[in-house]
Amino acid sequence: MPLNVEKVKYPLAAPATLPDVHDFASWLLAPAHRIPPKPTRPGLQAVLFDLDGVLVDTAAFHYHAWKHLADELTLPFDENLNRSFRGVPRMACLDLLLGEHARYFAIEEKTVLAERKNGYYLDQVRTLRPEDAAPGARDLLTELRAAGVRTAVVSASKNARLVLDLLRLADAFDTVVDGGDVTRGKPDPQCFLKAAATLRTAPQRCLVIEDGEAGIRAARAADMPTVGIAPVRGAQRSVGGLTDLSLPFLDAPYATP
Ligand code: BG6
Ligand code: MG
């Protein structure tokens, strides 16, 4: 049914500068305008990129932030434990750090500790510059866009949008799903399925690029082909970095013999 703009009432939160009722109607309907048409490209239709460890190397930032907190709590922490945190949401990482002590902390205390770690992390993240984007990222994104392949960032991080802004990569993606957009983190497939739904692509036509085992498991549970950055357990194919990737390589699982 067409919208009767004469009957639309301005909600309290309407922007103060709306010039007329027609602009108001387009503002009201804007989200619907942003729903993309169903893709018709044969083969690969979307590439879903993990952020940390794929589009930018933040592993050292996470390591130093967790190490700082672990030292304050006199808990052991090393590179191995940090590696197992890849793709794992912040609170779940804290539980892994606290180990058998986790049950002695109230949720409020854990929240304070997780926030403290995030402060240490953000102190380092704020130093990120556009040139810190992973080598090959911009060229690959340009190649995918030119070929009509949709792109998304699918990250467990609640800082994903900030990091993308600092790298000046935010506009290079059709959608972003971050740690605040889901109720279940990786290895649950929810984040990848949400991205596929937003892009209107079948999961099987979305390829996932991941550096963490939790992410690979999530992608496999979503029925999506996977490429690991450096060897990742469970990934169907692995490469050293984004510079090794090209559209023909990513399209290969869909090629008809
Ligand atoms: C993932 C990282 O991308 O985000 C994990 O690989 C991290 O190591 C998780 O724990 C959550 O990040 P944040 O920024 O919300 O603490
Ligand atoms: Mg990662």
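## A buried loop residue: S155

In this predicted model, S155 has a relative accessible area of 4% and is buried. The residue belongs to the loop that connects β2 with α7 (160-166). Setting aside residues up to four places away in sequence, S155 touches D50, L51 and D52, together with A160, V177, D178, G179 and K186. Because buried means under 20% relative accessible area, the 4% of S155 falls within that class.

Two of the residues touched by S155, D50 and D52, are themselves buried. Both also serve as donors to the magnesium ion (ligand 2). Another residue touched by S155 is V177, which is the bridge partner of V154 in β3.

## The magnesium site

Three protein donors surround the magnesium ion (ligand 2): D50 through OD, D52 through O, and D211 through OD. Their distances from the ion run from 2.0 to 2.1 Å. Along the sequence, the donor residues follow the spacing D-x1-D-x158-D.

## Surroundings of ligand 1

Ligand 1 has 14 residues around it, and those that come nearest are D52, V88, R90, S157 and N159. D52 thus appears in the surroundings of ligand 1 and also among the protein donors of the magnesium ion (ligand 2).

Several polar atoms of the protein lie beside oxygen atoms of this ligand. In the side chain of S157, an N or O atom is 2.6 Å from an oxygen atom of ligand 1. Backbone atoms contribute as well: a polar backbone atom of G87 is 2.7 Å from an oxygen atom of ligand 1, and a backbone N or O atom of V88 is 2.7 Å from an oxygen atom of the ligand.

## Overall composition and the sheet

The chain contains ten helices and six strands. Of its 257 residues, 44% count as buried. Among contacts between residues at least 6 apart in sequence, 60% join residues at least 24 apart.

The six strands make up an open sheet with parallel pairing, in the order β3-β2-β1-β4-β5-β6. The edges are taken by β3 (175-177) and β6 (237-239); each has a single partner strand, so one side of each lacks a neighbour in the sheet. On average, neighbouring strands are turned by 25 degrees against each other, direction ignored.

## Strand pairing and burial

Strand β1 (46-49) pairs with β2 in the parallel sense over four bridges, and four bridges also join β1 to β4, again running parallel. V47 takes part on both sides: its bridge partner in β2 is T151, and in β4 it stands opposite L207. The side chains of a regular strand alternate between the two faces of the sheet. In β1, A46 and L48 point one way while V47 and F49 point the other way, and all are buried.

Further along the sheet, β2 (residues 150-154) is joined to β3 by three bridges, and the two strands run parallel. Three bridges likewise link β4 to β5, which run parallel; here V208 stands opposite T226 in β5. Strand β5 (residues 226-229) is covered on both faces, with T226 and G228 buried on one side and V227 and I229 buried on the other.

## Helices on the sheet

Helix α6 (residues 137-146) lies across β1 and β2, and its direction is at about 155 degrees to β1. Helix α8 (residues 190-199) also packs on the sheet, where it touches β1, β2, β3 and β4 (206-210). The direction of α8 makes about 150 degrees with that of β2.

## A second buried loop residue: A133

The loop between α5 (107-125) and α6 holds A133. A133 is buried, with a relative accessible area of 10%. Leaving aside neighbours within four places in sequence, A133 is in contact with L55, R138, L167 and L169. One of these contacts, R138, lies within the residue range of α6 (residues 137-146).

The pair A133 and L167 joins separate parts of the sequence: the two residues are 34 residues apart along the chain, yet 6.0 Å apart in space from C-alpha to C-alpha.

Definitions and conventions. Residues numbered from 1 in each chain as written. Chains lettered and ligands numbered in written order. Predicted model: local features only at pLDDT ≥ 70, side-chain atom pairs only at ≥ 80, totals over all residues. Heavy atoms only, no water. Pairing = 2+ DSSP bridges. Axes fitted to C-alpha atoms, helices over the stretch in contact; angles between N-to-C directions. Contact = heavy atoms within 4.5 Å. Donors = N, O, S within 2.8 Å, 3.2 Å for Na, K, Ca; no water. Buried < 20%, exposed > 50% of the residue type's maximum accessible area, 1.4 Å probe, protein only. Near = heavy atom within 4 Å. Polar contact = N/O pair within 3.5 Å; in protein donor to acceptor, adjacent residues only side chain to side chain.
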